[in-house]
Amino acid sequence: MLQARATTIRGHSLFRSQAARGMSIRSDAANALTLMDTYLNNAVEAMNSSNAASARRYMERAERQIEILEKILN
């Protein structure tokens, strides 16, 4: 479910339109986007290593970043 929300965020028209114009996104949004991707990747790695506790922590951290981005984009 987090991956679906992250995909929606990455494809948001605000990010696409700014990229098409050669503009960068707000620094707080860029930071949250980077952290979201990092935490989601780390969660996948933890799950692949059968480390459920670590995966859960990374997913919780990713969800916080997703919530920040959803507030920015809405």
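Trainee: What percentage of the 74 residues in the protein chain is buried?
Mentor: This is a predicted model, so treat every value as computed from it. Buried means under 20% relative accessible area. By that cut-off, the buried share of the 74 residues is 27%.

Trainee: Which pattern does the protein chain follow along the sequence?
Mentor: The secondary structure holds four helices and zero strands. The C-alpha trace spans about 40 × 20 × 20 Å along its principal axes. Read along the sequence, the pattern is α-α-α-α.

Trainee: Take contacts between residues at least 6 apart in sequence. What percentage joins residues at least 24 apart?
Mentor: Contact here means heavy atoms within 4.5 Å. Of the contacts in the protein chain between residues at least 6 apart, the share joining residues at least 24 apart is 68%.

Trainee: Which helix gives the most to the largest nonpolar core?
Mentor: That core has 14 residues. Among those with the most contacts inside it are Ile9, Met36 and Ile66. Helices α1 (2-10), α3 (27-48) and α4 (52-73) each supply at least two of its residues. With six residues, the one that gives the most is α3.

Trainee: Phe15 also belongs to that core. Which residues does Phe15 touch, leaving aside those up to four places away in sequence?
Mentor: Phe15 is one of the residues with the most contacts inside the core, as are Ile9 and Leu69. Both of these turn up again in the list of residues that Phe15 touches. In full, the list reads Ile9, Arg10, Ile25, Ala29, Leu69 and Leu73.

Trainee: Now the packing of α1 and α4. How far apart are their axes?
Mentor: Two packed helices are described by the angle between their axes and the distance between the axes. For α1 and α4 the angle is about 35°. The crossing of α1 past α4 is left-handed. The axes lie apart by 10 Å.

Trainee: How many residues in the contact of α1 with α4 are charged?
Mentor: From α1 come Leu2, Arg5, Ala6 and Ile9. They meet Met59, Glu63, Ile66, Glu67, Leu69, Glu70 and Leu73 in α4. The contact has seven nonpolar residues and no polar ones. The charged residues number four.

Trainee: How many residues apart are Arg5 and Glu63?
Mentor: Their side chains meet in a salt bridge, 3.2 Å from N to O. Arg5 sits in helix α1 and Glu63 in helix α4, so the pair links distant parts of the chain. The separation is 58 residues.

Trainee: Is Glu63 buried, partly exposed or exposed?
Mentor: Buried needs under 20% relative accessible area, and exposed needs over 50%. Arg5, its salt-bridge partner, has 22% and is partly exposed. Glu63 has 32%, which means that Glu63 is partly exposed.

Trainee: Which residue is linked with Arg5 and Glu63 in a network of salt bridges?
Mentor: A search of the whole structure finds four salt bridges. The bridge between Arg5 and Glu63 belongs to a network with one further member, Glu70.

Trainee: Which residue forms a salt bridge with Asp37?
Mentor: The closest N and O atoms are 2.6 Å apart. The pair joins helix α3, home of Asp37, to helix α1, across 27 residues. Asp37 is partly exposed at 24% relative accessibility, and its partner is partly exposed at 35%. That partner is Arg10.

Trainee: What is the relative accessibility of Asp28?
Mentor: Asp28 forms a salt bridge with Arg26, with the closest N and O atoms 2.6 Å apart. Arg26 is partly exposed at 47%. Asp28 also falls between the cut-offs of 20% and 50%, with a value of 36%.

Trainee: What distance separates the C-alpha atoms of Leu14 and Gln65?
Mentor: Leu14 lies in helix α2 (residues 13-20), and Gln65 in helix α4. Along the chain they are 51 residues apart. Their C-alpha atoms are separated by 17 Å.

Trainee: Is Gln65 buried or exposed?
Mentor: Leu14 is partly exposed, with a relative accessible area of 34%. Gln65 touches Ala32, Leu35, Met36 and Tyr39, not counting residues up to four places away in sequence. Its relative accessibility is 12%, under the 20% cut-off, so Gln65 counts as buried.

Key:
Residues numbered from 1 in each chain as written. Predicted model: local features only at pLDDT ≥ 70, side-chain atom pairs only at ≥ 80, totals over all residues. Heavy atoms only, no water. Core = buried A, V, L, I, M, F, W, Y, C linked by side-chain atoms within 4.5 Å. Buried < 20%, exposed > 50% of the residue type's maximum accessible area, 1.4 Å probe, protein only. Axes fitted to C-alpha atoms, helices over the stretch in contact; angles between N-to-C directions. Left-handed = near helix turned anticlockwise from the far one by under 90°. Nonpolar A, V, L, I, M, F, W, Y, C, P; charged D, E, K, R; others polar.
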